[in-house]
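Here are my notes from a read through this one, in the order I would take them at the bench. Have the viewer open and click along.

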Amino acid sequence: MFLRGIELLRREGISYKEYPYSIPTIAHLSRVEFRGNVTFLVGENGSGKSTLLEGIADQCGFHTAGGSKHNRYEVDAAESALGEHLRLSWLPKITNGFFLRAETFYQFASHLNTMPESLRYYGGRSLHKQSHGEAFLSLFVHRFGKKAIYLLDEPEAALSPARQLSLLRIIKELEHEAQFIIATHSPILLGYPDAQILNFDSAPIEEIRYEDTLHYVLTRRFLENRAAVLREVFENDE
Ligand SMILES: Nc1ncnc2c1ncn2[C@@H]1O[C@H](COP(=O)(O)OP(=O)(O)OP(=O)(O)O)[C@@H](O)[C@H]1O
Ligand SMILES: [Mg+2]
């Protein structure tokens, strides 16, 4: 393990009406301890997962639009509003790693095309010439290594269920030598064995069991009784 925890430095004069302190999970954040190499951030849309992950990426020195410490490129609104308020505790400190976010992956792929020598780290082929999911998995297969921290924001956005299972296998292969913090809505990814799951639906953030996540409960109910769930959803819509 490398990143042991994060702490919010609550400066004077911050406004709880403005982003990012307007988000309840951030307003109530004091300290988060990571207890293993695989941590998931889970919670409703808008609950603050990306905000926190981006702040961590910022403090790791990674480009907050996605990439590692070597990637510098321009993307709109990629500044982290939270980063400078976070203190990270490391043991040992590492600087290798990667921040991946689905929304800016396209710009990241374009940025890589300007550095052909680095394409060998991504399967030797421009990420634009691979499908969204292929490019994502290329990145995981070729770029992920040891002694590193990987911050992934909804990696499932591009991945079929089968490829999500491939990602689980990649994480398993690296788990003892790399750390992963992953914001996700995927009930498949969340099922990784013995992972720490942090729930952003409560403020302050607290740990939750896999089977208690809304993602697990709703997906399970839907798959087990699709007709009943659909009936409820359509009736409530009227
Ligand atoms: N740059 C910004 N300026 C102002 N508000 C923002 C900014 N970025 C996000 N927000 C707001 O902060 C809240 C949390 O956003 P965030 O992206 O962290 O949520 P999330 O948990 O990652 O959601 P999702 O599951 O949809 O990705 C949202 O209400 C969002 O509208
Ligand atoms: Mg998000």
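The points below start with the ligand, go on to the strands, and end with a few backbone oddities and aromatic pairs.

1. Before anything else, keep in mind that this is a predicted model. Everything below is computed from that predicted model.

2. Start with the ligand. Which residues surround ligand 1? The shell is made up of Tyr19, Ile23, Glu44, Asn45, Gly46, Ser47, Gly48, Lys49, Ser50, Thr51, Glu154 and His185. Sorted by character, the shell around ligand 1 has 2 nonpolar, 7 polar and 3 charged residues.

3. Now for individual contacts to ligand 1. Tyrosine 19 places a polar side-chain atom 3.3 Å from a nitrogen atom of the ligand. Histidine 185 also uses a polar side-chain atom, and that one sits 2.8 Å from an oxygen atom of ligand 1. With glycine 46 the backbone does the job: an N or O atom of its main chain is 2.8 Å from an oxygen atom of ligand 1. How much of the ligand does the protein bury? Taken alone, ligand 1 exposes 630 Å², and the protein buries 56% of that.

4. Glutamate 154 deserves a separate look, as it is one of the residues around ligand 1. Its phi is positive, about 50°, although the residue is not a glycine. You will find glutamate 154 in the loop between strand S6 (148-153) and helix H5 (161-174). Buried or exposed? Glutamate 154 is partly exposed, with a relative accessible area of 26%, and the cut-off for buried is under 20%.

5. Lysine 49, another member of the ligand shell, can be set against isoleucine 26. The two are 23 residues apart along the chain, and their C-alpha atoms are separated by 9.5 Å. Isoleucine 26 belongs to helix H1 (residues 24-27). It is buried, with a relative accessible area of 0%.

6. On to the strands, beginning with S3 (residues 38-42). This strand is mostly covered, with 5 of its 5 residues buried. Val38, Phe40 and Val42 point one way from S3, while Thr39 and Leu41 point the other way, and all are buried.

7. What does S3 pair with? One partner is strand S7 (residues 178-183), which runs parallel to S3 and is joined to it by 4 bridges. Across that pairing, valine 38 stands opposite phenylalanine 180. Another partner is strand S8 (residues 196-199), again parallel and again over 4 bridges. There, phenylalanine 40 stands opposite isoleucine 197.

8. Strand S5 (97-101) is also mostly covered: 5 of its 5 residues are buried. Gly97, Phe99 and Arg101 point one way from S5, Phe98 and Leu100 the other. Do note that the arginine is on the list, and that all of these residues are buried. S5 pairs with S6 in the parallel sense over 5 bridges, and phenylalanine 99 stands opposite leucine 151 in S6.

9. Check the prolines too. Leucine 91 and proline 92 are joined by a cis peptide bond, with omega about -10°. Proline 92 is in the loop between strand S4 (86-90) and S5. The peptide bond from alanine 203 to proline 204 is cis as well, with omega near 0°. Proline 204 lies in the loop between S8 and strand S9 (206-207).

10. Aspartate 194 has a positive phi of about 55° and, again, is not a glycine. This aspartate lies in the loop between S7 and S8. It is exposed, with a relative accessible area of 75%.

11. Last, the aromatics: the structure holds 3 aromatic pairs. Why is the pair of tyrosine 16 and tyrosine 21 edge-to-face? The ring centres are 5.7 Å apart and the planes stand at 75°, over the 60 degrees that the label needs, so the pair counts as edge-to-face. Tyrosine 16 is partly exposed at 42% relative accessible area, whereas tyrosine 21 is buried at 4%. Tyrosine 210 and tyrosine 216 form another edge-to-face pair, with 4.9 Å from centre to centre and 65° between the planes. Tyrosine 210 is partly exposed, with a relative accessible area of 22%.

Conventions
Residues numbered from 1 in each chain as written. Chains lettered and ligands numbered in written order. Predicted model: local features only at pLDDT ≥ 70, side-chain atom pairs only at ≥ 80, totals over all residues. Heavy atoms only, no water. Phe/Tyr/Trp six-rings, centres within 6.5 Å; stacked < 30°, edge-to-face > 60°. Buried < 20%, exposed > 50% of the residue type's maximum accessible area, 1.4 Å probe, protein only. Near = heavy atom within 4 Å. Polar contact = N/O pair within 3.5 Å; in protein donor to acceptor, adjacent residues only side chain to side chain. Areas by Shrake-Rupley, 256 points an atom, 1.4 Å probe, with all protein chains shown as cover. Nonpolar A, V, L, I, M, F, W, Y, C, P; charged D, E, K, R; others polar. Helix = DSSP H or I, 4+ residues; strand = E, 2+ residues; numbered from the N terminus. Pairing = 2+ DSSP bridges.
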